[in-house]
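Visitor: Please give me a close look at a single part of this structure, with its setting and with the cut-off of each term stated.

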Amino acid sequence: MRQHRQVRHRTTATVMATAAALTATVCATTTATAAPADRCSQAAPTRADNPYTTTHTALDAAPLRMGPYGECYRLQTYAAGTRIEVRCFIVNEYGNTWSYVPGAGWIWDAHLSGNGSPHRCLGV
């Protein structure tokens, strides 16, 4: 009888540990998915603070996004070879650079010739 109680106690502890791990995973996932809404509402850099533009070519299918993150809503996709005018770039939380397409949205610089705009966005 004593052996039976120890087995049940170990099983209960294992179940509780598994439940705690699953709860932590769900909480972490919920936190991670809540963040993009804030990151995707990146303010547009103004022409007054960023008066320059450069033109680059899409190296491949290049999604234009609402904000400077891959999780942000895709507004459209430029075909490879399309010439795209950009104003300036920012560095997101992952260390990736994104260029701003005036009046439109953000494009990841890895999709652009010359790695996108050479001008860092000011005032954002």
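Guide: The account below begins with the setting and then turns to one strand and its partner. This is a predicted model, in which local features need pLDDT of at least 70 and side-chain atom pairs count only at pLDDT 80 or more, while totals for chains, interfaces and linings use all residues. Residues are numbered from 1 along each chain as its sequence is written, and side-chain values use heavy atoms, with hydrogens and water left out.

The average pLDDT (the predictor's confidence in each residue, from 0 to 100) is 80 for the chain, and 70% of the residues score at least 70. Residues 1-35 stay under 50, and there the model has zero contacts (heavy atoms within 4.5 Å) beyond four places in sequence. Where pLDDT is low, the predicted coordinates should not be read in detail.

Two helices and seven strands are assigned in the chain; helices (H or I, at least four residues) and strands (E, at least two) are DSSP runs numbered from the N terminus. Their order along the sequence is α-α-β-β-β-β-β-β-β. Of the 124 residues, 30% are buried, where buried means under 20% relative accessible area, exposed over 50%, and partly exposed in between (1.4 Å probe, protein chains only).

The part chosen for the close look is strand S1, residues 54-57. Thr 54 and His 56 point to one face of S1 and are buried, whereas Thr 55 and Thr 57 point to the other face and are not. In a regular strand the side chains alternate between the two faces of the sheet. The partner of S1 is strand S4 (residues 83-86), which runs antiparallel to S1 and is joined to S1 by four bridges; two strands pair if DSSP finds at least two bridges between them. Within this pair, Thr 55 stands opposite Glu 85 of S4.

Elsewhere in the chain, Tyr 73 lies in the loop between strand S2 (62-65) and strand S3 (74-78). Tyr 73 counts as exposed because its relative accessibility is 56%. Trp 108 belongs to strand S7, residues 105-108, and is classed as partly exposed because its relative accessibility is 34%. Apart from neighbours within four places in sequence, Trp 108 is in contact with Asn 96, Thr 97 and Trp 98. The C-alpha atoms of Trp 108 and Asn 96 are separated by 7.5 Å, although these residues are 12 residues apart along the chain.
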